[in-house]
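I opened my notebook for a first look at a new protein. Here is what I looked up, entry by entry.

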Amino acid sequence: MNAPAHATHATHATAGVGDTAGARVVTDALDTTHGAVLYLDDITVSFDGFKALNKLTLDIDVGELRCVIGPNGAGKTTMMDVITGKTRPDNGQVFFGQTIDLTRLSEAQIAHAGIGRKFQKPTVFEHHTVFENLELAMKADKRVRQSLFARLSSEQRDRIAEMLRQIRLTDSADREAGLLSHGQKQWLEIGMLLMQEPKLLLLDEPVAGMSDDETERTAELFLSLAGKHSLVVVEHDMAFVEIIARKVTVLHEGSVLAEGKMSDVQNDQRVIEVYLGR
Ligand SMILES: Nc1ncnc2c1ncn2[C@@H]1O[C@H](COP(=O)(O)OP(=O)(O)OP(=O)(O)O)[C@@H](O)[C@H]1O
Ligand SMILES: [Mg+2]
């Protein structure tokens, strides 16, 4: 997962524009002049001839909270794999802002460019405290050149305190992360991603396995992040999607089946047939 040293260097050292494997990488100033943070254009991904994504075209606006729903196997996770560079499309383009062609960057370069991804299973440092987890995430941010052993500045402490408040873990700051509930671990991992100030955050089934109460709190958290961050949330929990939904995209067989307000897609006969009516 680590970028080769020269690649990391190329995207970082020029503090703006670098040339990496022929791709122009703008790390700090993402060009979103046309309002979109992400464009997928005509993306096809085949696995042994089976098209997991089939001419998928989709764009996400800056500050948007987009929900992506659809039946098992629709291609939702594959879409995230393409955005994060884990899977290369056979065809099509993926642009981050106006200028960054993600298909030409490594997974590490994509993360560094400002795309954070939350997988379903929480991955926190179980034997470190909640506070330390956030501290480590902050110091792992390659834009901040700081040793893991350096003392925190008061400004950094404030950032962590603010994040603890946002993810509702202030009272658990000194607990070992391994002792948290499943939902709390998920919030902590989201907090760790946020410490790196991603421009786009991808969340794959974030409330799976959460209690109803935790799910409700997660909805509040996401609503509080919308506008400040661009979020793409994949989820099967329709009660959750109904609370947070702004614009909803329904994927089916690797393409967009429907897109629009939750109430519109819920009443779309095709969506009812392939997904919601089951
Ligand atoms: N690495 C792979 N090799 C072969 N087939 C794959 C691979 N990854 C995904 N697929 C197939 O591509 C299709 C889309 O899978 P994907 O995981 O993207 O669906 P999904 O919409 O995330 O489904 P779910 O809601 O169940 O998570 C499925 O038929 C899956 O079996
Ligand atoms: Mg999936």
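**Entry 1: the whole chain.** Before counting, I settled what a contact is: two residues are in contact if their C-beta atoms, placed from the backbone, lie within 7 Å. I also noted that this is a predicted model. With that in hand, I looked at contacts in the protein with a separation of 6 or more, and residues 24 or more positions apart account for 65% of them. Next I looked up the secondary structure and found ten helices and twelve strands. Then I checked burial: 40% of the 278 residues count as buried.

**Entry 2: the surroundings of ligand 1.** Which residues are around ligand 1? I wrote down Phe47, Ala52, Gly70, Asn72, Gly73, Ala74, Gly75, Lys76, Thr77 and Thr78. Sorted by class, this shell has three nonpolar residues, six polar ones and one charged one. I also asked which element gives the most to the shell. That is helix H2, residues 76-83, with three residues.

**Entry 3: helix H2.** I stayed with H2 and looked up its burial. Seven of its eight residues are buried, so H2 is largely enclosed by the rest of the structure. The buried ones are Lys76, Thr78, Met79, Met80, Asp81, Val82 and Ile83. Lys76 and Thr78 were already on my list of residues around ligand 1. After H2 comes Gly85, and its phi is positive, near 85°.

**Entry 4: positive phi outside glycine.** A reminder to myself: most residues other than glycine have a negative phi. I therefore made a note of Asp48, whose phi is positive, near 50°, in a residue other than glycine. Asp48 sits in the loop between strand E3 (36-47) and strand E4 (50-61). Is Asp48 buried or exposed? Asp48 has 4 other C-beta atoms within 10 Å, and a residue counts as exposed at 12 or fewer, so Asp48 is exposed.

Glu197 went on the same page, with a positive phi of about 45° although it is not a glycine. Glu197 belongs to the loop between helix H6 (182-195) and strand E9 (200-204). Here I counted 15 other C-beta atoms within 10 Å, so Glu197 is partly exposed.

**Entry 5: H4 against H5.** For packed helices I look up the angle between their axes and the distance between the axes. I began with helix H4 (residues 130-139) and helix H5 (residues 154-166), whose axes come within 10 Å and cross at roughly 120°. That angle makes H4 oblique to H5. The crossing of H4 past H5 is right-handed. On the H4 side the contact is made by Phe131, Leu134, Glu135 and Met138, and on the H5 side by Gln156, Arg159, Ile160, Met163 and Leu164. By class, I noted six nonpolar, one polar and two charged residues in this contact.

**Entry 6: H4 against H6.** H4 also packs with H6, at an angle of about 30° and with the axes 8 Å apart. Angles under 35 degrees count as roughly parallel, and H4 and H6 are therefore roughly parallel to each other. Their crossing is right-handed. Which residues meet here? Val130, Asn133, Leu134, Ala137 and Met138 in H4 meet Leu188, Gly191, Met192 and Met195 in H6. The class count for this contact is seven nonpolar, two polar and no charged residues. My last jotting is that Leu134 and Met138 of H4 appear in the contact with H5 and also in the contact with H6.

Key: Residues numbered from 1 in each chain as written. Chains lettered and ligands numbered in written order. Predicted model: local features only at pLDDT ≥ 70, side-chain atom pairs only at ≥ 80, totals over all residues. Axes fitted to C-alpha atoms, helices over the stretch in contact; angles between N-to-C directions. Helix = DSSP H or I, 4+ residues; strand = E, 2+ residues; numbered from the N terminus. Parallel < 35°, antiparallel > 145°, perpendicular 65-115°, else oblique. Left-handed = near helix turned anticlockwise from the far one by under 90°. Nonpolar A, V, L, I, M, F, W, Y, C, P; charged D, E, K, R; others polar. Buried ≥ 20, exposed ≤ 12 C-beta atoms within 10 Å, placed from the backbone. Near = placed C-beta within 6 Å.
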